[in-house]
Amino acid sequence: MPPSHATQAILQHPVAFVVRTLTAFRANQGLLLAGAVAYYALLSTVPLLILIVIALSHMVDQRELLQTLGHYLEWLLPGQSDAIVAELSNFLAHREVIGWVLLATMLFFSSLAFTVLENAMSVIFHHRVAIKRRHFLVSALLPYGYILSLGVGMLLITLVAGGLQVIGQEQVELLGHVWSLSGVSGVLLYLLGFAGEVFVLASIYLVMPVGRLSLRHALIGAVTAALLWELTRHVLVWYFATLSQISTVYGSLTTAIAVLLSLEIAATFLLLGAQVISEYERTAMGTPGAATQPFTTAQR
């Protein structure tokens with residue numbers, strides 16, 4: 001059916017659509033896929049950030065770069081950005097230890113998360129994979145293209161955020177009253193972060209699955225995942241600050257466990273957004289839920 005008719009059908013029966021989406025997500029072993037993505041993302045995060053910071057420190061002031069990176073890392077790793085930034089700062093202070101072997105190793109580990117994410121997307125969109133498969137060279141080069149794109153995106157965000165922080169230091173005098181622009185700057189920084197989050201998610205949904213995906217569908221999944229994560233990350237910040245006893249249980253492993261937990265939840269929402277797109281496509285094809293068969297490991 002046309003996309004407009006599919007949207008109308010979903011709006012008429014939203015609960016049925018949500019149930020089909022969650023059922024398909026469970027059948028695709030979504031939580032297991034999210035765990036794999038989170039594990040490899042944990043391996044990739046620090047090497048990726050090191051490569052980006054080293055490359056951009058030649059163009060942007062290192063202190064400003066780390067400050068911006070720490071601010072927006074809070075979106076991905078609530079309550080843990082300070083520890084990550086401290087490790088990055090310490091590594092930059094000893095950047096002379098980087099040789100070609102270490103550089104190649106970090107580049108390889110930085111790509112692992114994107115490779116696993118592509119494989120997870122192929123499970124979510126298996127109705128596409130059954131029709132068309134991606135050339136292995138494209139899959140091999142795709143993670144490195146994403147690394148380059150994230151570096152460029154980080155450069156742009158650092159420059160824009162620096163400009164917004166300068167605006168926040170200004171004041172406006174009107175009718176005898178002086179108004180600070182710090183609040184406006186804070187709102188703009190938040191909107192910049194949220195827009196960047198939606199843009200990154202939409203780019204993942206556009207590029208990672210096999211075949212062409214419309215921008216509209218990508219935005220549907222991106223907004224769904226972004227809103228779910230926005231609600232959850234505020235809960236995580238409150239939990240780590242008030243109720244969490246994670247440091248008592250895990251001791252020196254606290255940061256790694258907290259980061260892995262955050263990545264697990266974020267990966268779950270990321271794949272759930274992909275499942276929303278997949279179910280929307282099947283609804284438009286007139287076969288909602290028909291392509292979903294549970295994955296099992298046991299032989300019957």
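Which side chain meets that of E279 in a salt bridge? The side chain of R20 does, with 3.2 Å from N to O. This is a predicted model.

## A salt bridge between two helices

Start with where the partners sit. E279 lies in helix 12 (residues 254-285), while R20 lies in helix 2 (residues 14-27). The pair therefore ties together parts that are 259 residues apart in sequence.

Now look at exposure. E279 is buried, because its relative accessible area is 0% and buried means under 20%. R20 has 26% relative accessibility, so R20 counts as partly exposed. Side chains of opposite charge can pair when their charged atoms come close.

## A salt bridge within one helix

The count of salt bridges comes to two. The other pair is E230 with R233. Their closest N and O atoms are 2.7 Å apart.

Both residues lie in helix 10 (residues 215-242). They are three residues apart, which is about one turn of the helix. E230 is buried, and R233 is buried too.

## The nonpolar cores

In soluble globular proteins, nonpolar side chains tend to be buried together. Here, the largest nonpolar core has 58 residues. Six of its members touch the most other members: L88, L117, M121, Y205, M208 and L271.

Many helices build this core. Helix 3, helix 4 (62-76), helix 5 (81-93), helix 6, helix 8, helix 9 (182-207), helix 10 and helix 12 each give at least two residues. Helix 3 gives the most, with 13 residues.

Take L117 as an example. Leaving out residues up to four places away in sequence, L117 touches V37, I204, M208, L270 and L271. There is also a second, separate core of eight residues. Among its members are F240, I246, I265 and F269.

## A nonpolar patch on the surface

Which residues make the nonpolar surface patch of about 640 Å²? They are Y39, L43, L107, F108, F109, L141 and Y144. Three helices give two or more residues each: helix 3 (30-56), helix 6 (100-124) and helix 8 (136-168). The largest share comes from helix 6, with three residues.

L43 is one of the patch residues, and L43 lies in helix 3. Is L43 buried or partly exposed? L43 is partly exposed, because its relative accessible area is 30%. Helix 3 thus appears in two places: it gives residues to this patch, and it gives the most to the largest core.

Key:
Residues numbered from 1 in each chain as written. Predicted model: local features only at pLDDT ≥ 70, side-chain atom pairs only at ≥ 80, totals over all residues. Heavy atoms only, no water. Patch = residues over 30% accessible without salt bridge, like charges linked within 9 Å, V, L, I, M, F, W, Y side chains within 5 Å. Areas by Shrake-Rupley, 256 points an atom, 1.4 Å probe, with all protein chains shown as cover. Salt bridge = Lys/Arg side-chain N within 4 Å of Asp/Glu carboxyl O. Helix = DSSP H or I, 4+ residues; strand = E, 2+ residues; numbered from the N terminus. Buried < 20%, exposed > 50% of the residue type's maximum accessible area, 1.4 Å probe, protein only. Core = buried A, V, L, I, M, F, W, Y, C linked by side-chain atoms within 4.5 Å. Contact = heavy atoms within 4.5 Å.
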